[in-house]
Amino acid sequence: MAATFSDLRVAAYCPRKLYYRRREPDRSPPAVVADRRDLAFRYPDLLLADDATLRAEPIEVPPGRYRRRLRRARERLACWDEIAAPRARNVLLDGRECRGIAHKLVGDPPRPAIVSPGDPPEAGVWEPHSVQAVAAAKALAWERQRPVESAIVEYPAHGVVRSIDLTTRRKAAFREALRAVESLDGPPSRVEDDAKCEPCEYAGECGVRSRSLKSLLGD
Ligand code: SF4
């Protein structure tokens with residue numbers, strides 16, 4: 001069976017985390033995830049919103065900075081209009097190796113956008129989101145039978161929207177995550193990485209530490 005985008009994302013974070021996640025009786029995300037993802041479909045309104053309105057939204061930065069970030073993204077990204085008004089939303093993509101939801105299809109020919117409810121890195125995108133975006137691009141390429149060589153990753157709670165190319169390194173990370181998903185049949189080794197283990201919701205079970213809100217928002 002094809003690996004799901006979300007399993008690939010979690011495996012890229014830590015294969016052992018995917019092992020625990022798969023044993024959960026209910027893997028549906030908490031409501032805060034949907035609330036934050038919803039911001040990515042309201043950029044035109046959020047650009048015009050006043051401070052009080054933005055403060056009532058699930059936004060992680062002060063209103064002025066939020067609007068400035070969105071304005072910068074609008075100026076920087078040639079495909080901004082399509083990001084703000086995508087041709088399709090929450091599209092199920094069924095590829096040869098992987099399947100899952102692309103939160104948006106952007107442009108013509110289309111490329112996928114994935115929307116993270118979490119915090120962005122200083123630059124670029126986190127590795128699990130890179131893997132998720134490559135997976136979505138590959139599934140889209142399989143469906144359309146044409147190459148898809150870039151994707152969008154959005155962190156709407158921070159007003160951050162970034163375009164990534166499917167470089168050799170990103171594709172290799174996707175392959176590694178795919179192998180981890182396909183070979184998962186028992187608990188893999190711990191990652192031995194405090195930066196990953198500290199916010200991990202399975203830290204207690206895994207023998208490392210305890211659950212935090214951040215762990216619910218992204219891998
Ligand atoms: S606590 Fe660390 S090793 Fe254990 S599942 Fe989480 S990230 Fe992986």
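In this predicted model, the shell around the ligand draws at least two residues from each of the helices α2 and α11 (203–206). The greatest contribution comes from α2, which provides three residues of this shell. The residues surrounding the ligand are Y13, C14, R16, K17, Y20, R190, V191, C197, C200, A203, C206 and V208. The space that the ligand takes up is the largest cavity.

Helix α2 (15–22) is also one of the elements against which the buried residues of helix α9 pack. Helix α9 comprises 15 residues (residues 168–182), for which a rise of 1.5 Å a residue predicts a span of 21 Å; the C-alpha atoms at its two ends are 21 Å apart, in agreement with that expectation. Its buried residues are R170, A173, F174, A177, L178, A180 and V181. Viewed down the axis of α9, these buried residues fall within an arc of 160° and therefore line one face of the helix. The face turned away from the buried side bears the exposed residues T168, E176, R179 and E182. Besides α2, the packing partners of the buried residues of α9 are β1 (3–4), α1 (5–13), β3 (98–106), α8 (127–144) and β6 (160–165).

Helix α8, one of these partners, contains Q132. The relative accessible area of Q132 is 5%; because the threshold for a buried residue is under 20%, Q132 is classed as buried. When neighbours within four places in sequence are set aside, Q132 is in contact with F5, R9, H103 and I114.

Key. Residues numbered from 1 in each chain as written. Predicted model: local features only at pLDDT ≥ 70, side-chain atom pairs only at ≥ 80, totals over all residues. Heavy atoms only, no water. Helix = DSSP H or I, 4+ residues; strand = E, 2+ residues; numbered from the N terminus. Expected span 1.5 Å × (residues − 1). Buried < 20%, exposed > 50% of the residue type's maximum accessible area, 1.4 Å probe, protein only. Arc of directions from axis to C-beta. Contact = heavy atoms within 4.5 Å. Near = heavy atom within 4 Å. 1 Å grid on protein atoms, 1.4 Å probe; cavity = no way out; pocket = protein on both sides within 12 Å on 5 of 7 lines; lining within 4 Å. Sits in = over half its atoms within 2 Å of the grid points.
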